[in-house]
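Me: Please take a close look at one part of this model, namely how its strands are paired, and go through it step by step. I would like the criteria stated wherever a term depends on a cut-off.

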Amino acid sequence: MKVLIFDNATEAVNHAFSIVREQVVNKPKSVLGLATGGTPIKLYRKMVADFHTSAINYKMVRSINLDEYIGLDYYSIYSYAYYMDYNLFSKLNMDISNTHIQNGKAKDLKKECIRYNKVITDNPIDLQILGLGQNGHIGFNEPGTSFDLETHVVELDESTIEANKKYFGKLVKQPTKAFTMGIKSIMKSKKILLMAYGESKADAVKRMIEEEVTEDLPASILQKHDDCIILLDKEAASKLSKR
Ligand code: PGA
C-alpha cells in the first residue's frame with residue numbers, strides 16, 4: 001500500500017488523474033473499475049476537460065462499475081447508471097456497450113449477480129477507482145462482509161443510508177438495498193487507486209492503513225494488495241500516527 005498525502009483534494013485529484021490518463025494512453029483497451037459518490041466527481045471532471053483539449057481516446061476503454069441501488073436504473077436520476085452517464089460516459093467518446101453496471105431493476109437478483117461476475121471475469125480490471133465509506137466500506141461492501149464474496153446483494157448500513165441522504169431529494173424514498181461487486185473481485189484488479197477526502201473519512205483512513213486487516217473494516221484488505229495507491233488530503237490523513 002502506497003499512501004500519498006496532499007495539501008488539498010485538488011492536488012490529490014490531479015495525481016489521480018495523471019494515473020488514470022497514463023493507464024488509458026498506455027493501454028487504449030484498458031478496463032477501468034469505476035466508483036460513484038462525491039469522491040470521484042472531480043476526477044471525472046478532469047477527465048472530461050482533458051478529453052476536450054487533448055487527443056486522448058476512450059473509444060476502446062471498457063468500464064465496470066462497483067455498485068447500483070436495487071430498484072433504480074438509468075431512468076432514475078438517483079441511480080448510479082444515470083450518475084455515470086451524466087458525469088462521464090456521455091461526455092467522453094466511450095462506446096456505451098463497453099460500459100457495465102448492475103441492473104438495479106433486475107427481476108432475478110441471483111441471476112444478475114451471476115451475469116455481473118461473468119462481466120468481471122471476461123474483462124479483468126486494470127485499474128480500479130475506489131472511494132471510502134465513513135464506516136470503511138469499499139463499493140457497498142459493508143462492515144462484516146466476507147472478503148471471499150463476489151457480486152452480491154447488500155442491505156445498506158444505517159450509517160451509509162445516512163451518509164448518502166444528501167444525494168437524494170427530500171421526497172424520494174431512498175433505497176436500502178444494492179448490488180455490489182465483492183471484495184474478492186476488487187482485490188483481483190491489477191492496480192487500485194483509493195481516494196479519501198475530508199475529516200469525515202479520517203477514522204476509516206486510520207483503521208484502513210494502521211490497524212489490523214479485518215472484515216469489520218472492509219478497506220483494510222487493501223493492505224494485502226500488491227499495487228494499491230491511497231490518495232488523501234490533509235484532513236482525511238489527520239488521524240494517521242505516522243506521516
Ligand atoms: P462519497 O462516498 O464519495 O460520497 O463520500 C464514498 C463511498 O461511500 O464509497
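Reply: In this predicted model, Ile64 has His100 of β5 as its bridge partner. That contact belongs to the pairing of β3 (residues 62-65) with β5, two strands that run parallel and are joined by two bridges. Strands here are DSSP runs of E with at least two residues, numbered from the N terminus, and two of them count as paired if DSSP finds at least two bridges between them. As the model is predicted, local features need a pLDDT of at least 70 and side-chain atom pairs count only at pLDDT 80 or more, whereas totals for chains, interfaces and linings use all residues. Residues are numbered from 1 along each chain as its sequence is written, and side-chain values use heavy atoms, with hydrogens and water left out.

The wider setting is an open sheet of seven strands with parallel pairing, and its order reads β1-β10-β9-β6-β2-β3-β5. The edges are taken by β1 (2-6) and β5 (99-100), and because each has a single partner strand, one side of each is left without a neighbour in the sheet.

At the β1 end of that order, β1 and β10 pair in the parallel sense over five bridges, with Phe6 standing opposite Asp233 in β10. Strand β10 also pairs with β9 (residues 191-196), again in the parallel sense and over five bridges, and there Ile192 is set opposite Cys228 of β10.

β10 deserves a separate word on burial, where buried means under 20% relative accessible area, computed with a 1.4 Å probe and with protein chains only. Six of the six residues of β10 are buried, so this strand is largely enclosed by the rest of the structure. In a regular strand the side chains alternate between the two faces of the sheet. In β10 both faces are covered, with Cys228, Ile230 and Leu232 buried on one side and Ile229, Leu231 and Asp233 buried on the other. Asp233, the residue opposite Phe6, is thus listed on the face that also carries Ile229 and Leu231.

Ahead of this strand along the chain comes a loop between α7 (202-210) and β10 (228-233), and Glu212 lies in that loop; helices are DSSP runs of H or I with at least four residues. Glu212 counts as exposed because its relative accessibility is 61%, the threshold for that label being over 50%.
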